[in-house]
Amino acid sequence: MKVSLTKIERGRRAPFASALAVLALLLVLQVSQARAQSAQQPVQPDAPQAVQQEGARQHGAGNALMKRLNLTPEQRERLREIRRQRETEARELTRRVRLARRALDEAIYADTVDEALVEQRTRALSEAQAAALRLRASTELQVRSVLTPEQLRTFRQLRRQAQRQQLLRRRLRGEQPPPPDEN
């Protein structure tokens, strides 16, 4: 049963891969905003090097994405507002999915299996994932409405490249790739 759950989870991750570019764009806006606000403050010397490197990597990737999309200041502000509006709900839904997945695992691998409890927790996980998917779709729709047709073409191209890179990384790790995404 563990093998089939793993395959199911891989299949469910495919839609989230398509949101990678949108989330990266929103993260970039957040990092850019934070950097602009703290430009006068030096980096803490006692901060872990890995955290500093990750922030620099995200900032660099974000600047590249922003330059490739050639966003206007108004577009950047609209995207920041979308992120601010959705941030709390997205965090709560992510937490809800994580807790529901954990509860389902506990029910499945309990010393005494209660099939009704497993079914109930499966439904709870499914509902949490559906809510997260609805939020992601509506967020992507809002982001799309901010982009011009040319920016949207560039964004799609970058998204396809990111998906190919993710597929290559999975193959290199010997993982079974998820079903192809029809985008």
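**Reading a six-helix predicted model**

This is a predicted model; the mean pLDDT of the chain is 76, and 61% of its residues reach 70 or more.

User: Hi! What makes residues 14-21 and 31-59 places to read with care?

Analyst: Confidence is scored from 0 to 100, and pLDDT stays under 50 over residues 14-21, a stretch with 19 contacts beyond four places in sequence. Residues 31-59 are also below 50, with 14 contacts beyond near neighbours in sequence. Where pLDDT is low, the predicted coordinates should not be read in detail.

User: Thanks. How do you know what pattern the chain follows?

Analyst: Happy to show you! A helix here is a DSSP run of H or I with at least four residues, and the chain has 6 helices and 0 strands. Along the sequence, that reads α-α-α-α-α-α.

User: What makes the span of α4 close to the expected one?

Analyst: Helix α4, residues 73-108, has 36 residues. The expected span is 1.5 Å times one less than the number of residues, which gives 52 Å for α4, and its first and last C-alpha lie 50 Å apart. So the two values are close.

User: And how do you know where the kink in α4 is centred?

Analyst: The bend at a residue compares axes fitted to the seven residues ending there and the seven starting there. In α4 the kink is about 45°, centred on Arg-86. Arg-86 is also among the buried residues of α4, along with Arg-80 and Arg-83.

User: Why are Leu-93 and Val-97 said to belong to a nonpolar core?

Analyst: Such a core takes buried residues of types including Leu, Val and Ala, joined through side-chain atoms within 4.5 Å. Leu-93 and Val-97 are buried in α4, and both are in the largest nonpolar core, which has 12 residues. Helices α4 and α5 (115-146) each supply at least two residues of this core. Ala-132, another of its members, touches both Leu-93 and Val-97. A second, separate core of 11 residues includes Leu-71, Val-146, Leu-152 and Leu-158.

User: What makes Leu-152 and Leu-158 count as buried?

Analyst: Buried means under 20% relative accessible area, and Leu-152 and Leu-158 are on the buried list of α6, which also includes Phe-155 and Arg-159. Therefore each falls under that 20% cut-off. For the chain of 183 residues, the buried share is 28%.

User: Lastly, how do you know what share of contacts links residues 24 or more positions apart?

Analyst: A contact needs heavy atoms within 4.5 Å. Among contacts in the chain with a separation of 6 or more, 81% join residues 24 or more positions apart.

Conventions:
Residues are numbered from 1 along each chain as its sequence is written. This is a predicted model: local features need pLDDT of at least 70, side-chain atom pairs count only at pLDDT 80 or more; totals for chains, interfaces and linings use all residues. Side-chain values use heavy atoms; hydrogens and water are left out. Buried means under 20% relative accessible area, exposed over 50%, partly exposed in between (1.4 Å probe, protein chains only). pLDDT is the predictor's confidence in each residue, from 0 to 100.
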